[in-house]
Amino acid sequence: MNKEQQRDWLRLVLTPELTSIEAQQLLTHIGLPEEIFSASFQQLRAIVGESLALRLRHAPSLEVERTIEEVLQWLERTPNARMMTLEDVDYPQSLLVSGLAPIVFFAIGNLSLLSRPTISLIGSSHPTTEASELTQSWAKRLCEEAEVTIVQTDKQGIEQDALVSVARSHPDCLIWLSSTPLANPLIEKKRDFVANKGLIISTVLPVKETFEESDLQGIERLWMAAVNNFVVIQASQRSKVLSLMREAGDLGREVMAVPGSIHHPLSKGCHQLIKQGASLVEGTDDILKNMKLKNL
């Protein structure tokens, strides 16, 4: 993909007030970004309304132009960094078939990790010591017992425990889904270490300075697209994890949960998920059986 094509894709996703759903509608009904920006006002208005049609017909603002240029410069100077778009021949098939494929995401490292069975260990942001140790042990053992890819966000608690464990023991089976912009110097050493053997992906613009609600939504959408299997280690009854897992189940993902004491508040969310149909798991053997990677 040449620079002009990259520029058009960035301009599309940076169009103010244009949602990802509206952008998808434009791509479906009109075609590639270059065709969208050359479409008539009438064509655009019929899909996204008058206000957005006017925005798409006008040249981008100086701020948008500056952001586009900063992203392109970052891509040029960062080894193995890529901006993946729906036009890219290397766009992971696993994301395309998920129905949640982001229009644009950024990647550094081994994209083939997305073609393997994927799993994410998730749960409380303040787990017990026992749950943290269990998470670290299971994350490591899953990489040793089967050819899987561990996909982890960098949220505090269970998710970070799994991320750190795999980064230390088996970075070649790790996908780090970063909420921190990839150009941020604070994560540069960690980023380069993981990308050397594993993969880092993000929907957040690499040069972005502030994190917004829309960025969180993009990360969660990419997470749901990339992961086939979820294991909830600990969660309270009011945890956001429960609503995310209901969404994952609706999308056909395999949801598993670890039981615990009936008296512990961080077991109640897992018990609720099990009552609602999540598979009960007590070890990595159970997890791999549910993933159909080990005989029953």
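Start by selecting strand 4 and looking at its two faces: T149, V151 and T153 point to one side, I150 and Q152 to the other, and all of them are buried. Keep in mind as you go that this is a predicted model. Why does that pattern of two sides appear in a strand? In a regular strand the side chains alternate between the two faces of the sheet. Strand 4 covers residues 149-153, and since five of the five are buried, the strand is largely enclosed by the rest of the structure.

**Stop 1: the neighbours of strand 4**

Now add strand 3, residues 118-122, to your selection. Strand 3 and strand 4 pair in the parallel sense, over two bridges. To see where they meet, pick I119 and look across to I150, its bridge partner in strand 4. Next, bring in helix 8, residues 129-145: together with strand 3 and strand 4 it makes a right-handed β-α-β unit.

Carry on along the chain. From strand 4 it passes through helix 9, residues 158-169, and on to strand 5, and this β-α-β crossover is right-handed too. Strand 5 is residues 174-177, and it runs parallel to strand 4, with four bridges joining them. Which residue of strand 5 stands opposite T153? Select L177 and you have found it.

**Stop 2: the whole sheet**

Zoom out and show every strand. You're looking at an open sheet of nine strands with mixed pairing, in the order 1-2-6-5-4-3-7-8-9. Go to the edges and you'll meet strand 1 (81-85) and strand 9 (279-280); each has a single partner strand, so one side of each is left without a neighbour in the sheet.

For an antiparallel stretch, select strand 2, residues 104-109, and strand 6, residues 199-202, which are joined by four bridges. Within this pair, A107 stands opposite I201 of strand 6.

**Stop 3: the nonpolar cores**

Time to look at side chains. In soluble globular proteins, nonpolar side chains tend to be buried together. Here the largest nonpolar core has 63 residues, and L26, F106, V231 and I287 are the ones with the most contacts inside it. Which helix gives the most to this core? Select helix 6, residues 62-77, which supplies six residues.

Now centre the view on I287. Setting aside its neighbours within four places in sequence, I287 touches I119, W138, L142, V231, M256 and V281. You've already visited I119, the bridge partner of I150. V231, like I287 itself, is one of the residues with the most contacts in the core.

There is also a second, separate core, made of 37 residues; among them are Y91, L95, V227 and L244. Leave Y91 selected for the next stop.

**Stop 4: two aromatic pairs**

How many aromatic pairs does a search of the whole structure find? The search finds two. For one of them, show Y91 with F105: the ring centres are 5.5 Å apart and the planes are at 85 degrees, so the pair is edge-to-face. Y91 sits in the loop between strand 1 and helix 7 (93-96), while F105 belongs to strand 2, so the pair ties together parts that are 14 residues apart in sequence. Y91 is buried, with a relative accessible area of 4%, and F105 is buried as well, at 0%.

Then move to W223 and F230, whose ring centres are 5.4 Å apart with planes at 90 degrees, so this pair is edge-to-face too. W223 and F230 are both buried.

**Stop 5: helix 5 and its surroundings**

Select helix 5, residues 50-57, and highlight its buried residues: L52, A53 and L56. They cover an arc of only 105 degrees around the axis, which puts them on the same side of helix 5. Turn that side towards you and show what the buried residues pack against: helix 1 (3-13), helix 2 (20-29), helix 3 (33-37) and helix 4 (41-48).

**Last stop: two unusual backbones**

Most residues other than glycine have a negative phi. Select E17, in the loop between helix 1 and helix 2, for an exception: its phi is positive, about 70 degrees, although E17 is not a glycine. Is E17 buried or exposed? E17 is exposed, with a relative accessible area of 59%.

Finish at K292, in the segment after helix 14 (284-290). Phi of K292 is positive as well, near 60 degrees, in a residue other than glycine. K292 is exposed, with a relative accessible area of 73%.

Notes
Residues numbered from 1 in each chain as written. Predicted model: local features only at pLDDT ≥ 70, side-chain atom pairs only at ≥ 80, totals over all residues. Heavy atoms only, no water. Buried < 20%, exposed > 50% of the residue type's maximum accessible area, 1.4 Å probe, protein only. Pairing = 2+ DSSP bridges. Right-handed = clockwise from strand over helix to strand, strands pointing away. Core = buried A, V, L, I, M, F, W, Y, C linked by side-chain atoms within 4.5 Å. Contact = heavy atoms within 4.5 Å. Arc of directions from axis to C-beta. Phe/Tyr/Trp six-rings, centres within 6.5 Å; stacked < 30°, edge-to-face > 60°.
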